[in-house]
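Student: I'm new to this one. Could you show me the structure and let me ask about it?

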Amino acid sequence: MTGRAAPGGYGSLVPDPLGRALPAPTARGTWRQWRDDRARRRFLQRSFAYAATPPPPEQWAKFGRAYVVPPARVNRPDLIWLGDGVVILEDVWMSVVPAFDGIVPRLVLGDRVHVGRGCQFSVADEVVIEDDVLIGDFTQIGDTSHPYDARIRAKALYPPQRVRIGRRAVICSHVTILPGVTVGAGAVVDHHTVVTRDVPTGAVVRGNPARVVP
Amino acid sequence: MTGRISAAVRRRRDRRAARLQWRRTVDALQPPPPRAFAGWGVNTIIVPPARVECPDCIALGSEVILHEHAWLCVQRRDGLPAPSLTIGDRTSINRFAKIVCHGRVTIGADALIGDRVYISDVQHLPWRGEERAHPLTEPRPVTIGDRAFLGIAVVIKPGVTIGDDAYVGAGAVVHDDVPPSGVVVGDPARLVRLRNPQTGEWEPV
């Protein structure tokens, strides 16, 4: 497969059914291929250039004096509340998905919350981030995960468990917060921590799984 | 010379230059076209700005999705055969994942690869002084089975085989092989559950 062009110039995991010797691919392919490529490229370019621009303030459930730095991926701004003084840096993905019947998900960011680059919020029920929370780069916060059972893993999600982050907590970079976790007010979650249980108020946690540092 | 032209002309010229610069930037962020790959299925999507190197060594199945900032870091090395990276059907590779391939990396069908996952078949060795940089080890093949799940920020070390249906929890650093239908968590990864093929239950180990 490697280093060999597939039938018709386009790659394919299906080998040539007749086992013929394949013609050497030309650098640009045929006119038709070039045109299809261009169409696909333009489609992707336009769709993602559009998607990477955050929606205008009037589309959000609440948009206080917030600032969302493009590119950001926001699929349901009508289910997201942003307080005053919120700053959201580049490449944040706020995926709020109504995946369960009868549950309208919501993502609430309080006042003066700072969200670093590349963070992801995956919300199927409720994630609340209270006032004055600092969230570092590349942090993942979600209230569902995929089940163990491989037959339904790709499609199904566990029933969501709500996530809450208390006032003035500090979440450092590369932290993963698993479903059902409540981080207490003023707690500090160190870098690269995987938080599996609740964090008490004012505690400092570290490690995988997270443990309280005395 | 700039003093001789009018403000409107200068503005138009600046706007054209900016548009050209934007076009160049956007073009640079586009993934290579499908025909550059060794294999390309149906409905495969690479979301820019994902990074793909050596597409002629990469075979992608159908309905693969490669999200933003994912990086397929496939590199040819002197004295080694061409690398090959194979990704099966309906596998999704999430944002900020990096797959380093200097030898052979195989990812099965229906696998889910989470954000910030790092899969590598080579390692750097300490710099002892006589080389010009940190030397690399010989590549050891990495295999990830069908329907495997790699959670957020998982690290897969060289030579590891992850069985079919395995589940790797968030933040795990996998040094040893994971059996089929096993659940591993932690750093270093330890096996915590295994599915009983008779009953289909996930039993603690």
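Student: What does the secondary structure of chain B come to?
Tutor: Sure, one note before we start: this is a predicted model, where local features need pLDDT of at least 70, side-chain atom pairs count only at pLDDT 80 or more, and totals for chains, interfaces and linings use all residues. Residues are numbered from 1 along each chain as its sequence is written, while chains are lettered from A and ligands numbered from 1 in the order in which they are written. Helices (H or I, at least four residues) and strands (E, at least two) are DSSP runs, numbered from the N terminus. On that basis, chain B comes to one helix and 20 strands.

Student: Why is chain B described as more spread out than a compact globule?
Tutor: The radius of gyration is taken over C-alpha atoms, and the globule rule is 2.2 Å times the number of residues to the power 0.38. For 205 residues that rule gives 17 Å, and chain B is well over it, so it is more spread out than a compact globule, with a radius of gyration of 22 Å.

Student: What does the C-alpha trace of chain B span along its principal axes, and what share of its residues is buried?
Tutor: The spans are about 85 × 45 × 30 Å. A residue is buried if 20 or more other C-beta atoms lie within 10 Å of its own, exposed if 12 or fewer, and partly exposed in between, with C-beta atoms placed from the backbone. Of the 205 residues in chain B, the buried share is 44%.

Student: Over in chain A, which strands stand at the edges of the open sheet of eight strands?
Tutor: The sheet has mixed pairing and runs in the order 2-5-8-11-14-17-19-20; two strands pair if DSSP finds at least two bridges between them. Each edge strand has a single partner strand, so one side of each is left without a neighbour in the sheet: these are strand 2 (67–68) and strand 20 (211–212) of chain A.

Student: Inside that order, what is the bridge partner of Ile171(A) in strand 17?
Tutor: Strand 14 (residues 170–171) and strand 17 (residues 188–189) of chain A run parallel and are joined by two bridges. In strand 17, the partner of Ile171(A) is Val189(A).

Student: Which side chains of strand 10 in chain A point to one face and are buried?
Tutor: Strand 10 (residues 126–129) pairs in the parallel sense with strand 7 over four bridges, and Arg106(A) has Glu126(A) as its bridge partner there. Three bridges also join strand 10 to strand 13 (residues 163–165), again parallel, with Ile129(A) partnered by Ile165(A). The side chains alternate: Glu126(A) and Val128(A) point to the other face and are not buried, whereas the buried ones are Val127(A) and Ile129(A).

Student: Where do the cis peptide bonds to Pro71(A) and Pro209(A) lie?
Tutor: Pro70(A) and Pro71(A) are joined by a cis bond with omega about 0°, and the bond from Asn208(A) to Pro209(A) is cis with omega near -5°. Pro71(A) is in the loop between strand 2 and strand 3 (72–74) of chain A. Pro209(A) sits in the loop between strand 19 (204–206) and strand 20 of chain A.

Student: How many other C-beta atoms lie within 10 Å of His192(A)?
Tutor: His192(A) is in the loop between strand 17 and strand 18 (194–195) of chain A. Its phi is positive, about 60°, although it is not a glycine. His192(A) counts as partly exposed, and the number is 17.
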